[in-house]
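Visitor: I have a structure here and would like to go through it piece by piece. Can you start with how some of the parts pack together?

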Amino acid sequence: MMVNRITKILGIEKPIIQGPLFWLTNAKLVAAVSNAGGLGVLGAAAGQYKPTGNTAITVDNMRKEIVATKKLTDKPFGLSLMFDDDPSKDRHAQPMIDLMVEENVPVAVVYANHYIPKWFDLLKEKGIKIVYRPATPTKAVVKDAVDHGVDVIVATGFDEGGTVPSNVIGTFSIVPYIVDVVDGQVPVMAAGGIADERGVRAAFDLGAEGIFAGTAFLATDEAPMAENIKEQLVKLDAEDEVMFKAESKYYRSIPGTLPAKLVKMSEEGKSNEEVWRAADHYKGMQRGMVEGDLDNGYASFGMGMSFIKKIEPVKTVVDRLAKGIPTK
């Protein structure tokens, strides 16, 4: 058991959080991470593969996934919350926070462009711990969040998969920068391209007190990702991924028919909006990663994919990452 500020705040054994990967999370994956000593996190669409268009149904589906997770673990786990810049447009925020209270989910992993008082203050009022991962970790955004009492900050570098930060700053440059910005007020977790103990060790040497990992948990027995994409993940390296511009800035993908088309559009100077529309937004990522269809979808991984060479149980991944954490 490794004790530091993050393990104390979150009530976990190892300062490792599994990133909330939308539909690539479910009760099985999340419980496995928590049982291994980290913090599993149900993504915003955990266990759900078709949009409902109805807030009540969406919340009910998430409740079912929470209940299923509780049947598999008695350890803490979290729920992902994604906040719109305009609280009046956020249909899901209040019902999801109410759900967390009703089901005693102790940690919210929040993804937002900036501190939004209405929701952050409500989480604090309800006694829910806030792990805040700014979409782009800037000095102003981080200082504002820390000054208003978030519990943990996640410093995400350009090395991550999925929706990357707008600023092209690598993980091992952004982590010490954000550590300096918070100046010890709250612990900082490192995110982006960390998939083995070497990356963990480097992050801690730069001042991080925990690891926030996504890609590392996708090549696992428990991850609900398409088997053919898992096979590609362990076969390919980071240099095999292609990159295209889209909203808000950039996306990576392993090769495929649609990714090649998106790269070509980007190189031809098509707008980010046009490319994003051709990608079919996040639905394209779902087709690629959940359905395994790279003709009509794309599959995005962080730079740490180079260090993933086999499909393993979640516990093996957590234990390997933990080897890089200093014990003193």
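Guide: This is a predicted model. Helix 6 (residues 139-147) and helix 7 (residues 171-182) have axes that come within 10 Å and cross at roughly 45°. That angle makes helix 6 oblique to helix 7.

Visitor: Is the crossing of helix 6 and helix 7 left-handed or right-handed?

Guide: The crossing is right-handed.

Visitor: Which residues in helix 6 and helix 7 meet?

Guide: From helix 6, Lys 139, Val 142, Lys 143 and Val 146 meet Tyr 177, Ile 178, Val 181 and Val 182 of helix 7. By type, the residues of this contact are 6 nonpolar, 2 charged and no polar.

Visitor: New topic, the sheet. What is the order of its strands?

Guide: The sheet is open, has 8 strands and follows the order 1-8-7-6-5-4-3-2, with parallel pairing. Strand 1 (16-18) and strand 2 (40-42) are the edge strands, each pairing on one side only. From one strand to the next, the twist averages 25°.

Visitor: What packs on the sheet?

Guide: Helix 4 (residues 93-103) does, touching strand 3 (77-82) and strand 4. The direction of helix 4 makes about 170° with that of strand 3.

Visitor: How many bridges join strand 4 to strand 5?

Guide: There are 6 bridges between strand 4 (residues 107-112) and strand 5, and the two run parallel. Ala 108 stands opposite Ile 130 in strand 5.

Visitor: And how many residues of strand 5 are buried?

Guide: In strand 5 (residues 129-134), 5 of the 6 residues are buried, so the strand is mostly covered.

Note on methods. Residues are numbered from 1 along each chain as its sequence is written. This is a predicted model: local features need pLDDT of at least 70, side-chain atom pairs count only at pLDDT 80 or more; totals for chains, interfaces and linings use all residues. Side-chain values use heavy atoms; hydrogens and water are left out. Axes are lines fitted to C-alpha atoms, for helices over the stretch in contact, and angles run from 0 to 180 degrees between N-to-C directions. Helices (H or I, at least four residues) and strands (E, at least two) are DSSP runs, numbered from the N terminus. Angles under 35 degrees count as roughly parallel, over 145 as roughly antiparallel, 65 to 115 as roughly perpendicular and the rest as oblique. A crossing is left-handed if the near helix is turned anticlockwise from the far one by less than a right angle, and right-handed if clockwise. Contact means heavy atoms within 4.5 Å. Ala, Val, Leu, Ile, Met, Phe, Trp, Tyr, Cys and Pro count as nonpolar, Asp, Glu, Lys and Arg as charged, and the others, Gly among them, as polar. Buried means under 20% relative accessible area, exposed over 50%, partly exposed in between (1.4 Å probe, protein chains only). Two strands pair if DSSP finds at least two bridges between them.
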